[in-house]
Amino acid sequence: MSPVPVVLAGARGHGRWHIANIRRLERAGLVRLAGICELTPLSEEEAGGELPEQSADFGALLDSTGARIAVICTPIPTHTDLALTAARKGVHLLLEKPPAPSYAEFRRMADGVAEAGVACQVGFQSLGSHAVPAVRELIAQGVVGEVVGIGGAGAWVRDEAYFRRAPWSGRRRLDGADVIDGALTNPLAHAVATALALGGSTRAEDVTGIETELAHANDIEADDTSCVRVTTAQGHRVTVAATLCAERPDEPYVLVHGSSGRITFWYKQDRVLLQRGGHGPEEYHHGRTDLLENLVEHLTTGAALLVPPDETGAFMRVVEAIRLAPDPEPLPDAAWRRVPGESRRVVPGVDSFVAAAADTLSLYSELGAPWAPRTEHPRYEVSTR
């Protein structure tokens, strides 16, 4: 099998991870880095090896390289147009998360890709974890009884420079276009998508209602300390809490609450802890399938895609609810402090509230967080018809 030619759009920032991954698969003989689309060309050192063809013109680069796959890791508002450019040329896609900044843009992308007949994989790497089907199987077998709800927790640290890394960072809108670069929609989007996936609520029609509480300690438009509660068609509650202002960074996780036990999944570590009545705790470590590798296998052997667009529809309902919610509230000065020498803002006590939200499926305001938004946020209702 000849290596599949790949073009990467957006090679700096998180794109550096994609370069390293493409080079890894290149050494395995699966792909070939045929081109890089960047406004400023990369050096050989930045490209991790011999320079491929480079151009700021994405469409022209796809044509000149004969690319079969495009990896898109560009600013969020550009995802849909670049994806459709590739799709119209018959080029298959690995599209970074979030796939779009609004549900309408998501549908335009997904429908256009389907019409073009190309494959599209959305870059939720956590959904490539073998732990996901393993946990779903434990749930199906009734190992923890009936599922009561699913929680998610992400307590991360980001310094103030993180929100200045690009013009769109920390923005809800830029030059009239939606961006929605908040904690739950971008850096901790995996917590939301994974929580929905473990409960089998991945498609748009699986969501019936969404409540949001959005706030920020940093001087940004978007949220850096937020939580969301999703009601699903199955009757589950899915509550995910996140902050980029943690006192101490911790591994994010998803927690399945059962009537007779619980399952904790640390999705970056592919680690699962099963706790149930009458048994001691059981810990499992799982492997992971890389999403680009899975896309190559799909094209060459017909393997099923792990994260096609429609399997991210429920996540995009959450993005839409956050987009339509009132702008995040700035936390009062008394609610946060600066960490000396680290140029970051911390919300004292937020780590405990993040964990409690996942543990009780409650929103920050229901837990009595003194800085929780006081504005009555309307519930975002979703029609499943």
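This section describes helix packing, cysteines, aromatic pairs, selected contacts and unusual backbone geometry in a predicted model.

The packing of two helices is considered first. Helix H4, which spans residues 79-88, packs against helix H5, which spans residues 103-116. The angle between the two is about 5°, and their axes lie 9 Å apart. Angles under 35 degrees count as roughly parallel, and H4 and H5 are therefore roughly parallel to each other. On the H4 side, the contact is made by Thr80, Asp81, Ala83, Leu84 and Ala87. These residues meet Glu105, Arg108, Met109, Gly112, Val113 and Ala116 of H5. By residue type, the contact of H4 with H5 comprises six nonpolar, two polar and three charged residues.

A cis peptide bond is found between Lys97 and Pro98, with omega at about -15°. Pro98 is located in the loop that runs between strand E5 (92-95) and H5. As a general matter, most peptide bonds are trans.

The cysteines were examined next. Zero disulfides were found in a search of the whole structure. Cys37 takes part in no disulfide, and the nearest cysteine sulfur, belonging to Cys73, is 12 Å away. Cys37 has a relative accessible area of 11% and is therefore buried. For Cys245, the closest cysteine sulfur is that of Cys227, at 14 Å, which is too far for a bond; a disulfide requires the two sulfur atoms to be within 2.5 Å. Cys245 is buried as well, with a relative accessible area of 0%.

Six aromatic pairs are present in the structure. One of these is formed by Phe124 and Phe315, whose ring centres are 4.9 Å apart. The planes of the Phe124 and Phe315 rings stand at 75°, so the pair is edge-to-face. Distant parts of the chain are linked by this pair, as Phe124 and Phe315 are 191 residues apart. Phe124 lies in the loop between strand E6 (120-122) and helix H6 (131-140), whereas Phe315 belongs to helix H9 (residues 313-324). Phe124 is buried, at a relative accessible area of 0%, and Phe315 also counts as buried, at 2% relative accessibility.

Another aromatic pair, also edge-to-face, consists of Tyr364 and Trp371. Their rings are 5.0 Å apart from centre to centre, with 70° between the planes. Tyr364 and Trp371 are both buried. Together with Phe353, these two residues form a cluster linked by ring pairs.

Phe315 also appears among the contacts of Val192. Val192 is part of helix H7, residues 189-198. The relative accessible area of Val192 is 2%, so this residue is buried. With neighbours within four places in sequence left aside, Val192 is in contact with Leu184, Val240, Phe315 and Val318. The C-alpha atoms of Val192 and Ala314 are 9.4 Å apart in space, although the two residues are separated by 122 residues in sequence.

Ala303 occupies a position in the loop between helix H8 (291-301) and H9. With a relative accessibility of 22%, Ala303 counts as partly exposed; the limit for buried is under 20%. Apart from residues up to four places away in sequence, Ala303 touches Glu297 and His298.

Positive phi values were found at two positions discussed here, Asp270 and Leu361. Most residues other than glycine have a negative phi. Asp270, which is not a glycine, has a phi of about 55°. Asp270 sits in the loop between strand E14 (261-266) and strand E15 (271-276), and at 10% relative accessibility it counts as buried. In Leu361, likewise a residue other than glycine, phi is near 65°. The loop that holds Leu361 runs between helix H10 (350-360) and helix H11 (364-367). Leu361 counts as buried, with 3% relative accessibility.

Methods. Residues are numbered from 1 along each chain as its sequence is written. This is a predicted model: local features need pLDDT of at least 70, side-chain atom pairs count only at pLDDT 80 or more; totals for chains, interfaces and linings use all residues. Side-chain values use heavy atoms; hydrogens and water are left out. Axes are lines fitted to C-alpha atoms, for helices over the stretch in contact, and angles run from 0 to 180 degrees between N-to-C directions. Helices (H or I, at least four residues) and strands (E, at least two) are DSSP runs, numbered from the N terminus. Angles under 35 degrees count as roughly parallel, over 145 as roughly antiparallel, 65 to 115 as roughly perpendicular and the rest as oblique. Contact means heavy atoms within 4.5 Å. Ala, Val, Leu, Ile, Met, Phe, Trp, Tyr, Cys and Pro count as nonpolar, Asp, Glu, Lys and Arg as charged, and the others, Gly among them, as polar. Buried means under 20% relative accessible area, exposed over 50%, partly exposed in between (1.4 Å probe, protein chains only). Rings of Phe, Tyr and Trp (its six-membered ring) pair if their centres lie within 6.5 Å; planes under 30 degrees apart count as stacked, over 60 as edge-to-face and the rest as tilted.
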